[in-house]
Amino acid sequence: QDVEAERLLLETARVALRRGDREGALRLLQEHKNRFPQGQLREERDGLAVSALTLLGRTDEAAKAAARFRKDYPMSLQGAAMPETADAGR
């Protein structure tokens, strides 16, 4: 039940990103983090947050979030595609 609620919230955030509503996506991802801090889909949430921050041009925040992602999920394939430094994506 909670996993389905998590999935729905993340899918809504993903749709917002695709539509160009990056701030809206970040709000939904923050809502997910508040409601499901240790949720089963937190890796996906955190990866989407890095993408949203990068697309918003918030490169310093994106780089910090990416570093945190790689630390929290060292075996994730998503980590390899994330910015390494604050200059990434500039």
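The exercises below treat helix packing and a few single residues in this structure, each with a worked solution.

The model is predicted, so that local features need pLDDT of at least 70 and side-chain atom pairs count only at pLDDT 80 or more, while totals for chains, interfaces and linings use all residues. Residues are numbered from 1 along each chain as its sequence is written, and side-chain values use heavy atoms, with hydrogens and water left out.

**Exercise 1. Determine how the axes of H1 and H2 are oriented to each other, and which residues make the contact.**

Step 1. Helices are DSSP runs of H or I with at least four residues, and strands are runs of E with at least two, numbered from the N terminus. Axes are lines fitted to C-alpha atoms, for helices over the stretch in contact, and angles run from 0 to 180 degrees between N-to-C directions.

Step 2. The axes of H1 and H2 come within 7 Å and cross at roughly 165 degrees. Angles under 35 degrees count as roughly parallel, over 145 as roughly antiparallel, 65 to 115 as roughly perpendicular and the rest as oblique. H1 and H2 are therefore roughly antiparallel to each other.

Step 3. H1 passes H2 in a left-handed crossing, a term for a near helix turned anticlockwise from the far one by less than a right angle, with clockwise giving right-handed.

Step 4. From H1, the contact (heavy atoms within 4.5 Å) is made by Ala5, Glu6, Leu9, Leu10, Thr12, Ala13, Ala16 and Leu17, and from H2 by Arg22, Gly24, Ala25, Leu28, Leu29, Glu31, His32 and Arg35. By class, the contact of H1 with H2 has nine nonpolar, three polar and four charged residues; Ala, Val, Leu, Ile, Met, Phe, Trp, Tyr, Cys and Pro count as nonpolar, Asp, Glu, Lys and Arg as charged, and the others, Gly among them, as polar.

**Exercise 2. Carry out the analysis for H2 and H3.**

Step 1. Helix H2 covers residues 22–35 and helix H3 residues 42–55, and their axes come within 9 Å, crossing at roughly 155 degrees. That angle makes H2 roughly antiparallel to H3, and the crossing in which H2 passes H3 is left-handed.

Step 2. On the H2 side the contact is made by Arg22, Leu26, Leu29, His32 and Lys33, and on the H3 side by Arg45, Leu48, Ala49, Ala52, Leu53 and Leu55. The residues of this contact of H2 with H3 divide into seven nonpolar, one polar and three charged.

**Exercise 3. Establish the relation between H1 and H3.**

Step 1. H1 and H3 pack at an angle of about 15 degrees, their axes being 11 Å apart, and that makes H1 roughly parallel to H3. The crossing of H1 and H3 is left-handed.

Step 2. Glu6, Leu10, Arg14 and Leu17 of H1 make the contact with Arg42, Glu44, Arg45, Leu48, Ala52 and Leu55 of H3. By class, the contact of H1 with H3 has five nonpolar, no polar and five charged residues.

**Exercise 4. Decide whether His32, Gly24 and Thr12 are buried, exposed or partly exposed.**

Step 1. Buried means under 20% relative accessible area, exposed over 50%, and partly exposed in between, with a 1.4 Å probe and protein chains only.

Step 2. His32, found in helix H2, has 0% relative accessibility and so counts as buried. Leaving aside neighbours within four places in sequence, His32 is in contact with Glu6, Leu9, Leu10, Pro37, Leu41 and Arg45.

Step 3. Gly24, which is also found in helix H2, counts as buried at 6% relative accessibility.

Step 4. Thr12 lies in helix H1 (residues 2–18) and, at 37% relative accessibility, counts as partly exposed. Thr12 and Arg35 are 23 residues apart in sequence and 15 Å apart in space, C-alpha to C-alpha.

**Exercise 5. Describe the surroundings of Val50 and Ser76.**

Step 1. Val50 is found in helix H3 and is buried, with a relative accessible area of 3%. Residues up to four places away in sequence not being counted, Val50 touches Ala62, Ala65, Ala66, Met82 and Pro83.

Step 2. Ser76 is found in the segment after helix H4 (59–72) and counts as buried at 14% relative accessibility. With residues up to four places away in sequence not counted, Ser76 touches Glu43 and Phe69.

Step 3. The side chain of Ser76 reaches the backbone nitrogen of Gln78 at 3.1 Å.

Notes: Polar contact = N/O pair within 3.5 Å; in protein donor to acceptor, adjacent residues only side chain to side chain.
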